[in-house]
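Trainee: I should like to take a close look at a single part of this model, namely the packing between its helices. Please describe it in detail and place it in its wider setting.

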Amino acid sequence: MGQKSMRWADGFIAVDWGTTNRRAYSIDEGGRCAQEFEDGKGVLSVPAGGFPDAVAEIRQRLGDKPLLLAGMVGSNRGWKEAPYVPCPAGMDQLVSALVRPSEREAIVPGVSYVGEGRADVMRGEEVQLLGAAAAGLVDPDALVCHPGTHNKWVVLRGGSIQSFRTVMTGELFNLLKEHSILADLLKGEVADNDPFRAGVRCALEREILPAELFSVRARVLLGEARKEDAPSYASGLLIGTDVRIGLSLPTGAQVVVMGKPELTRLYAAAIAEMKREAIELDGEQCFLAGIRQIAKRI
């Protein structure tokens, strides 16, 4: 055990391996990120039996070090399935459930929730959430919003994940953008502007999202809104609905929005429309904080 710990302490490679992309970081013995790369080789691009070669490629680029992997690489579509750890889940529970393809690789499990008549899962976000809590970047009892394709609203208790709920906001917007009657209106950029905030307020006040989404088209056809404002307004409707769901939890806890800055900015603006203040955190820095904490415990 001591020799194994020494190898991780001497440096390792951290990989955030998603469905459609992967990002790898070379962490030196001082815990600093010395080198990194990102590419489009997500788990769905790896052929059957191809993960050893994909892992070897990472080492060729960043050095012959142990690998600590998180995200969809641990799913049933990934390299080796790392079963979900049930809530409440903290850093120690993740470490005790690591899956080891070999002595020099470890895969972080996801987290599951069952209760209140529903079920939910996450895979990848848990490293960021628990890393931020362990590093003191968030209150240990915070309410965390983690936007992305599938947004997560997470209740922390004592620095552990107590419960969470997933809202498919990002995927819904992409489906509308590619496959709906609104597709030709949603090709432009989304910004935190007046149309976006109007969409948020509409979603917060009226709670009739399917009807309001059709109005995105009707408003443009009848000259009540500009075509170029449609992406921001539609995004505001979806994110406003998402925020209404997340902030329906009866808590006065600190609200944190964690993820890519272009998304946290929009969610923080929507949360402000509900007269709540949100702290924004960069998801990449939270991932690195979490992965370092896991490596220390191996």
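Mentor: What follows examines one helix and the two helices packed against it, and then turns to the rest of the fold. The model is a predicted one, and its secondary structure comes to 10 helices and 14 strands. The part chosen here is helix 8, which spans residues 230-246.

Two packed helices are described by the angle between their axes and the distance between the axes. For helix 6 (residues 194-206) against helix 8, the angle is about 40° and the axes lie 7 Å apart. Helix 6 is therefore oblique to helix 8, because the angle falls neither under 35 degrees nor in any of the other named ranges. Their crossing is right-handed. On the side of helix 6, the residues in contact are Pro195, Phe196, Ala198, Gly199, Val200, Cys202, Ala203 and Leu204. They meet Ser232, Tyr233, Ser235, Gly236, Leu237, Ile239, Gly240, Thr241 and Arg244 of helix 8. Sorted by class, this contact holds 10 nonpolar, 6 polar and 1 charged residues.

Helix 5 (residues 169-179) also packs on helix 8, at an angle of about 150° and with the axes 10 Å apart. Since angles over 145 degrees count as roughly antiparallel, helix 5 is described in that way relative to helix 8. Here too the crossing is right-handed. From helix 5, Thr169, Leu172, Phe173 and Leu176 take part, and they meet Pro231, Ala234, Ser235, Leu238, Ile239 and Asp242 in helix 8. The classes in this contact are 7 nonpolar, 2 polar and 1 charged residues. Ser235 and Ile239 of helix 8 appear in the contact with helix 6 and also in the contact with helix 5.

Beyond these helices, the model includes an open sheet of 3 strands in the order 5-8-9, with mixed pairing. Strand 5 (85-86) and strand 9 (118-122) stand at its edges with a single partner strand each, so one side of each has no neighbour in the sheet. Strand 5 runs parallel to strand 8 (residues 111-115), and 2 bridges join them. In this pairing, valine 85 stands opposite valine 111 of strand 8.

As for the overall dimensions, the C-alpha atoms fill a box of roughly 70 × 40 × 35 Å along the principal axes. The radius of gyration is 20 Å, which agrees with the value near 19 Å for a compact globule of 298 residues.

Notes: Residues numbered from 1 in each chain as written. Predicted model: local features only at pLDDT ≥ 70, side-chain atom pairs only at ≥ 80, totals over all residues. Heavy atoms only, no water. Axes fitted to C-alpha atoms, helices over the stretch in contact; angles between N-to-C directions. Helix = DSSP H or I, 4+ residues; strand = E, 2+ residues; numbered from the N terminus. Parallel < 35°, antiparallel > 145°, perpendicular 65-115°, else oblique. Left-handed = near helix turned anticlockwise from the far one by under 90°. Contact = heavy atoms within 4.5 Å. Nonpolar A, V, L, I, M, F, W, Y, C, P; charged D, E, K, R; others polar. Pairing = 2+ DSSP bridges. Rg over C-alpha atoms; globule rule 2.2 N^0.38 Å.
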